[in-house]
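Here are some remarks on the model you asked me to look over, set out as numbered points. Please read them alongside the coordinates.

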Amino acid sequence: MCMKKCLVGLTFCTCYLASYLTNKYVLSVLKFTYPTLFQGWQTLVGGLLLHVSWKLGWVEINSRSRSDVLTWLPASVLFVGIIYAGSRALSRLAIPVFLTLHNAAEVIICGHQKCFRKEKTSSPKICSALFLLAAAGCLPFNDSQFDPDGYFWAVIHLLCVGAYKILQKSQKLNKLSDIDQQYLNYLFSVVLLALAAHPTGDLFSVLDFPFLYFYRFHGSCCASGFLGFFLLFSTMKLKSLMAPGQCAAWIFFAKVITSGLSMLLFDTILTRETMGCLLLGGFGEALLVFSERKGS
């Protein structure tokens, strides 16, 4: 059983690393900055693969009532915000910076639990949220590659992530399994992003993309779609096999590896001040892992 958990954890880390590096390559190196098309493609591939997996009996998707689907609709809107804003931010920010800002969504979740749901919050978790907030707050003032648009979309991204996770934990939405939720997210995202492709200008602007007919672009886009699905599948497997503390540890490990390797593969300038902010954020997430393991 221990070997199986380790294998699932390593598979998750591999998918996480490959997914982020592939997306960063398409968005920053090839400069395919048409998020409605890129994210629409990824969700279309993910939705089709999830549907095929359901038909083959690999996963179970339950048919729910219309009320359950409508109840989940606000979360699906937030999911579109997560992937759209995340794509815009990742195209402009280094992966370590993006992940540090992404982790700050935990501050929203912790604040909601403490202030609105009146849940008892452990000291390590509160300290973790404070460190994550400090890291995210200091980064814009110490980033030598500061990009206002990148930070703007990263803030939108983390707000959507925080709100999505709060809705996901809501008692009213627990009727839907993780697979059901993601299936609805994929369906809604494909429709909404397809409708938004023309108003945003992406549909016709993409015709001027210089690598539109290059195999590197086609191969990278295909890989991004499949890797996104495999990351989803491995994440769900990870959560089903492991306690929350173990799961959080593997996610933290995947982020550390991804951040470290991305600095070697992409043009990243990190000053001592920037590294200090990133390490502060890493320490905050390590505290979060500790609080999760202690709670489990």
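**Notes on the model**

1. Read along the sequence, this protein, which is a predicted model, follows the pattern α-α-α-α-α-α-α-α-α-α-α-α. The radius of gyration is 19 Å, close to the 19 Å that the globule rule gives for 296 residues, so the protein is as compact as a globular protein of that length. The secondary structure comes to 12 helices and zero strands.

2. As for overall dimensions, the C-alpha trace spans about 55 × 50 × 40 Å along its principal axes, and about 15000 Å² of the protein is exposed, with carbon and sulfur atoms supplying 68% of that area.

3. On packing, 48% of the 296 residues are buried, and among contacts between residues at least 6 apart in sequence, 87% join residues at least 24 apart.

4. Helix 3, which runs over residues 66-90 and has 25 residues, reaches 35 Å from its first C-alpha to its last, close to the 36 Å expected at 1.5 Å a residue. The same helix 3 nevertheless bends by about 40° at Leu 73, with a proline, Pro 74, following within four residues.

5. Is Gln 39, a residue of helix 2 (residues 35-55), buried or exposed? Its relative accessible area is 8%, and because this lies under the 20% cut-off, Gln 39 counts as buried. Leaving aside neighbours within four places in sequence, Gln 39 is in contact with Ile 83, Tyr 84, Ser 87 and Leu 193.

Methods. Residues numbered from 1 in each chain as written. Predicted model: local features only at pLDDT ≥ 70, side-chain atom pairs only at ≥ 80, totals over all residues. Heavy atoms only, no water. Helix = DSSP H or I, 4+ residues; strand = E, 2+ residues; numbered from the N terminus. Expected span 1.5 Å × (residues − 1). Bend = angle between axes of the 7 residues up to and from the residue. Rg over C-alpha atoms; globule rule 2.2 N^0.38 Å. Buried < 20%, exposed > 50% of the residue type's maximum accessible area, 1.4 Å probe, protein only. Contact = heavy atoms within 4.5 Å. Areas by Shrake-Rupley, 256 points an atom, 1.4 Å probe, with all protein chains shown as cover.
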